[in-house]
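User: I am new to this structure and should like to learn how its features are read. Please guide me through it.

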Amino acid sequence: MSTTAPRPPAAGSPRPDATHDEDGDLALHPRDVRRRSLALLGSLLRPVSRRVWGTALVVVGAQLALVAGPALVALGIDRGLPALRDGDAAPLLTTAAAYAVAALVAGVLTAATVRFAARVSQAVLLDLRRRVFRHTQRLSLEFHERYTSGRVISRQTSDVEALRELLDGGVTTLAASGLAMVFTAASLVLLDWRSGGVLLVAVVPGVLLTRWFQVRSQAQYRRSRTAVARVIVRFVETMTGIRAVQAFRRETQVAEVYDDLTEEYREANAEAIRVNGVFDTGLVLIGNVTVAGVLLVGGLRVLDGDMAVGVLVAAVLYARRFFAPLAQIGMFYNSFQSATAALEKLSALLAEEPTVPDPERPVRLPAATGDVRFDGVEFGYGTGPTVLPHLDLHLPAGQTVALVGETGAGKSTVAKLLARFYDPREGAVRLDGVDLRDLDPVDLRRAVVMVTQEAYLFSGSVGANIALGRPDATPAEIEAAARAVGVHDLIAALPEGYDTGVDTRGVRLSAGQRQLVSFARAFLADPAVLVLDEATSSLDIPGEQLVQEGLRTLLTGRTAVVIAHRLSTVMHADRVLVVDDGRVVEDGSPEQLVAHGGRFASLHAQWQESLRST
Ligand SMILES: Nc1ncnc2c1ncn2[C@@H]1O[C@H](COP(=O)(O)OP(=O)(O)OP(=O)(O)O)[C@@H](O)[C@H]1O
């Protein structure tokens, strides 16, 4: 038997020693995390870059129009009024008209900002949602077993939502507020540098307060994010396992834990509101003191004839406006943080590479015969302990092989390697001599079909669920497949026959019925290799007898690997492999093994015994 040299890990796949943080993301230096987030943001904005620039221009225009207001007021008072007193109304009217135009332009541009930002945001979110879905779907089973469905759901829902909040107005508000402060300060300094000086003095407590807010808000924000993540994960976990919760009457305990988590979340939010309250009040206070300062200094100078009244009015207006945007920034600061965190999480998810990568130069195998070899296969999950130490196995085309062994022996692992849900650490699994890692994924999925215990039915009709095995199948072919596995009569008796809808988890069909539908699906797919992992365990004895015939039809003419705890299924196999601790310890026909007097023989004896006692 040939052995294969260990392969280097595929490009992009995580190194075996890669560590993951508590969120299941690859642990990285914060600088790299930021770089990755920015790269994602860049790639999302690039396709809409013209709209982004358009939005930026509109924001700048709106702020320029707004900042012109107080200066025009000063002009009106200091130039317009004296001219009017001298009988010339033109300067005042012109200034008033200019003010009205500026206000109108500011209004129109602000409305345009909202529109433009929404268009950018919707385009970006559409792209992001699709990317996240496609990418997550493409990731290997290893990822899904590690990441948990609650987390994947959070990425697609609350994280995308956090970005939406920021993009739908948050970013433009932040930019507009920042610009408004810069423009206001610059205008005031240009108009009257001494008043500008008063403002700059007031900036010091403003900066200190903002810094305090930033630190507190960051800490509180982190707390609330962790709290909400716990709430979501617990909710999803409980609802996914609702059967176990109800079966063991754990409702009260589960609800208590959930209550504690939601209380933690409430506390975190209450703290956020408190911090915001202090910040807002502080800002108003600083703003008002600044206005009073500007008024006092300016008023004295007006009395001294050192300053025009109009300039004083404008200075007061500017001073009043200066701190208002800070409150806006404070309001969106949390959104900004949650969007940053969301972006980090999303970019981490999108950076995940399938641990089972598609081959660079795929080998086509359009008509596999079903000859399977495990050549010196060593395997363990992730960085975990070795599950299969060394497996050499040849399954000739057309053979039905039953894997038996104690729970945890490694039977399902063998099946998962054969369906290439995982790649071996060493050695190779080959189909018709082709290493599965080199096999064209389309040909692999056509050649090897795995039917698991959880016969998952998608929402749609029963017929459509069978057709999943071969989407181009005709209704006659679907029916033929159903007949072959003995489920036709059952489907025909449903209210709308093959068109009867099944809910997401097929609640209208029993577990055994769902199993039979999944057999029909596999029959229609007609693979060269069929893997049945505990697939008959949902069937009761009469159901199983009913399906034995169908199962035999299903298995005929292809290589089949059957993992079954029921020996009735096993006894029909051509060959039985007894697996213990990741090794094949017995290999032969059922009859041979019974005669041999080993483990299988004792399992067989127990089975006979149990049949007699029922
Ligand atoms: N996704 C996984 N991640 C880490 N370890 C795993 C994973 N799946 C299985 N294992 C471990 O691999 C070993 C073999 O498990 P496997 O599911 O192949 O056993 P099995 O023989 O099919 O058992 P059963 O009859 O109970 O299904 C066990 O020790 C198990 O804990």
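**Reading the model**

Analyst: With 19 C-beta neighbours inside 10 Å, asparagine 276 counts as partly exposed, because a residue is buried at 20 or more other C-beta atoms within 10 Å of its own, exposed at 12 or fewer, and partly exposed in between, with C-beta atoms placed from the backbone. Residues are numbered from 1 along each chain as its sequence is written. This is a predicted model: local features need pLDDT of at least 70, side-chain atom pairs count only at pLDDT 80 or more, and totals for chains, interfaces and linings use all residues.

User: In which helix does asparagine 276 lie?

Analyst: Helices (H or I, at least four residues) and strands (E, at least two) are DSSP runs, numbered from the N terminus. Asparagine 276 lies in helix H8, residues 251-303. Its C-alpha atom is separated by 7.4 Å from that of glycine 330, 54 residues apart along the chain.

User: Which element has the lowest mean pLDDT?

Analyst: pLDDT is the predictor's confidence in each residue, from 0 to 100. Helix H16 (residues 541-555) has the lowest mean, 69, and strand S4 (residues 426-431) the highest, 93. For the protein chain the mean is 83, and 91% of residues reach 70 or more.

User: Which helix gives the most to the shell around the ligand?

Analyst: A residue is near a molecule if its C-beta atom, placed from the backbone, lies within 6 Å of it. Helix H10 (residues 411-418) gives the most, with three residues. The residues around the ligand include Glu145, Tyr381 and Lys411.
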